[in-house]
Amino acid sequence: MKEYNFIMKSGELILRPKNDLKKVYIELSSRCNLDCPMCFKNTFTDEEGFMSKKTFDKILFDLKEFPEVEHIIFGGIGECSMNPHFWDMIKKVKDDGYMITITSNGYLLNIENIIDLKVDELVISVETGDVGHPSFKYVEKLLKEISELKNKRNTGKPAISIETVLTKENYEDFGKIVKSLLPYGVRKVVISNLLPVYENFVGLELYNDDNKEKDIKIRKLISNAVTAKVSAVIPNFKLKTERNCNFIEKNATVIRWDGEIVPCYRFLHDGGEYVYGQKKEIKYYSFGNVNKESLSEIWTSKDYTWFRYKVKNSLYPSCTDCDLKDGCQFIETTERDCWGNEPSCSDCLWWRNIIMCP
């Protein structure tokens with residue numbers, strides 16, 4: 001068993017990592033068939049591509065060393081169904097006995113294949129307004145067709161979820177979206193806030209507002225739409241002291257299209273965002289490549305083990321509410337923070353459960 005020793009102010013810390021990975025996000029494609037104004041992808045500066053069959057097969061081979069893995073998600077920032085081996089990859093995951101979730105905008109899906117391959121969950125993105133997926137009517141039509149085919153085939157799979165991004169301009173449409181799509185078997189709604197990638201989107205965030213009455217109105221609107229009707233993943237609309245990274249807490253990892261092992265969606269690609277109006281340069285961060293090392297070696301490496309421990313125990317400063325943040329150079333990039341962490345999660349809004357993903 002591996003054992004790592006870390007010297008801390010209070011004494012010596014010993015970490016013994018094990019193959020306890022439980023959830024795997026696989027980015028089959030960093031490309032997309034849509035061009036949504038709000039998408040993080042618009043700021044990416046690194047190379048685009050599709051995951052190869054060779055890399056994918058290596059991942060499934062390596063996962064045999066992780067007895068607790070049950071769930072694989074085809075996600076990332078691109079559209080997974082663009083991968084030329086998409087359907088074969090679904091079949092391989094199911095043949096290996098894993099639960100599979102597909103996150104998609106829905107435009108390229110063959111619903112008969114989705115049902116025939118027994119996909120467990122399908123998460124479809126849908127918004128109203130000008131910044132997100134221009135897809136409400138299309139999604140309504142798609143879910144109706146899926147519902148009819150599921151009834152015809154007498155099957156409960158796939159479970160249908162929707163994810164939506166709320167802004168100051170579209171949040172009042174949320175009730176209409178849920179009401180319109182519930183008849184087609186929607187079981188879960190994943191709600192997220194807007195993370196601006198361009199300066200002209202700053203000000204549309206629902207969480208960057210001290211209006212208490214609006215906060216109550218938003219929560220009441222969401223509650224009225226989902227309570228006793230559908231399960232919901234609801235973000236925070238105010239900055240909270242507590243930090244909780246769903247990737248870390250669920251023992252999850254993300255595998256980029258080229259095999260790089262990254263800890264979360266935020267570190268998938270080089271790009272940019274605005275955190276409470278502050279421009280932020282995002283640097284992708286990898287702990288290794290599955291084409292060069294085994295997934296077990298990477299997951300239990302000293303650096304990745306220490307990173308997960310730090311995030312789980314919030315051993316980072318909190319840049320978002322720091323009195324010294326104005327003029328601080330550390331908040332300009334994710335490369336390093338004032339405590340010496342590399343990379344830095346210090347102002348991550350996923351960690352504060354303001355930005356959510358399936």
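Select strand β8, residues 186–193, in this predicted model. Of its 8 residues, 6 are buried, so the strand is largely enclosed by the rest of the structure.

**From β8 to β7**

Keep β8 displayed and add strand β7, residues 159–166. The two strands run parallel and are joined by 7 bridges. To find the register, label I162, which stands opposite V189 in β8.

Remain on β7 and pick A159, which belongs to this strand. Is A159 buried or exposed? Its relative accessibility is 15%, and A159 therefore counts as buried, the cut-off for that class being under 20%. Leaving aside residues up to four places away in sequence, A159 touches D120, E121, L122 and R187. For a distance across the model, draw a line from the C-alpha atom of A159 to that of K22: the two residues are 137 positions apart along the chain, and the separation is 20 Å.

**On to β6 and β5**

Next select β6, residues 121–125. Strand β6 is parallel to β7, and 5 bridges join the two. Here L122 of β6 stands opposite I160 in β7. L122 is also one of the residues touched by A159.

How many of the residues of β6 are buried? The count is 5 of 5, and the strand is mostly covered. Turn the view to inspect each face of β6 separately. One side carries E121, V123 and S125, the other L122 and I124, and all of these residues are buried.

Now add strand β5, residues 99–104. Its pairing with β6 is again described as parallel, with 4 bridges. T101 has E121 of β6 as its bridge partner.

**The sheet as a whole**

Show the remaining strands of the sheet. In which order do the 9 strands lie? The order is β9-β8-β7-β6-β5-β4-β3-β10-β11, in an open sheet with mixed pairing. At the edges stand β9 (231–233) and β11 (261–262); each has a single partner strand, so one side of each is left without a neighbour in the sheet. In general, the strands of a sheet pair through backbone hydrogen bonds, either parallel or antiparallel.

**The loop after β6**

Return to β6 and move to the loop between this strand and helix α4 (136–153), where V131 is located. V131 has a relative accessible area of 9%, and it is therefore buried. Which residues does V131 touch, not counting those up to four places away in sequence? They are C36, P37, M38, T167, F201 and L204. Select C36 together with V131: although 95 residues separate them in sequence, their C-alpha atoms are 6.3 Å apart.

**Helix α6 and K214**

Select helix α6, residues 212–226, and pick K214 within it. K214 has 23% relative accessibility and so counts as partly exposed. Beyond residues up to four places away in sequence, K214 touches K168, Y171 and D209. A line from the C-alpha atom of K214 to that of T253 spans 36 Å, for a pair 39 residues apart along the chain.

**The β12–β13 hairpin**

Move to strands β12 (residues 271–275) and β13 (residues 278–282). In which sense do these strands pair? They are antiparallel, with 5 bridges between them. E273 has K280 in β13 as its bridge partner. Between the strands of this hairpin are 2 residues, and Y276 adopts a positive phi near 50 degrees.

**Zooming out**

Finally, display the entire protein, which contains 9 helices and 13 strands. Its C-alpha trace spans about 65 × 50 × 35 Å along the principal axes. For 358 residues, a compact globule would have a radius of gyration near 21 Å; the value here is 20 Å, which agrees.

Colour the model by burial: buried residues account for 54% of the 358. Among contacts between residues at least 6 apart in sequence, 72% link residues at least 24 apart. A surface view shows an accessible area of about 16400 Å², 48% of it belonging to carbon and sulfur atoms. With charges marked, there are 51 positive and 54 negative ones, and their mean positions lie 5 Å apart.

Methods
Residues numbered from 1 in each chain as written. Predicted model: local features only at pLDDT ≥ 70, side-chain atom pairs only at ≥ 80, totals over all residues. Heavy atoms only, no water. Rg over C-alpha atoms; globule rule 2.2 N^0.38 Å. Buried < 20%, exposed > 50% of the residue type's maximum accessible area, 1.4 Å probe, protein only. Contact = heavy atoms within 4.5 Å. Areas by Shrake-Rupley, 256 points an atom, 1.4 Å probe, with all protein chains shown as cover. Lys, Arg positive; Asp, Glu negative; His and termini not counted. Charge placed at Lys NZ, Arg CZ, Asp CG, Glu CD. Pairing = 2+ DSSP bridges.
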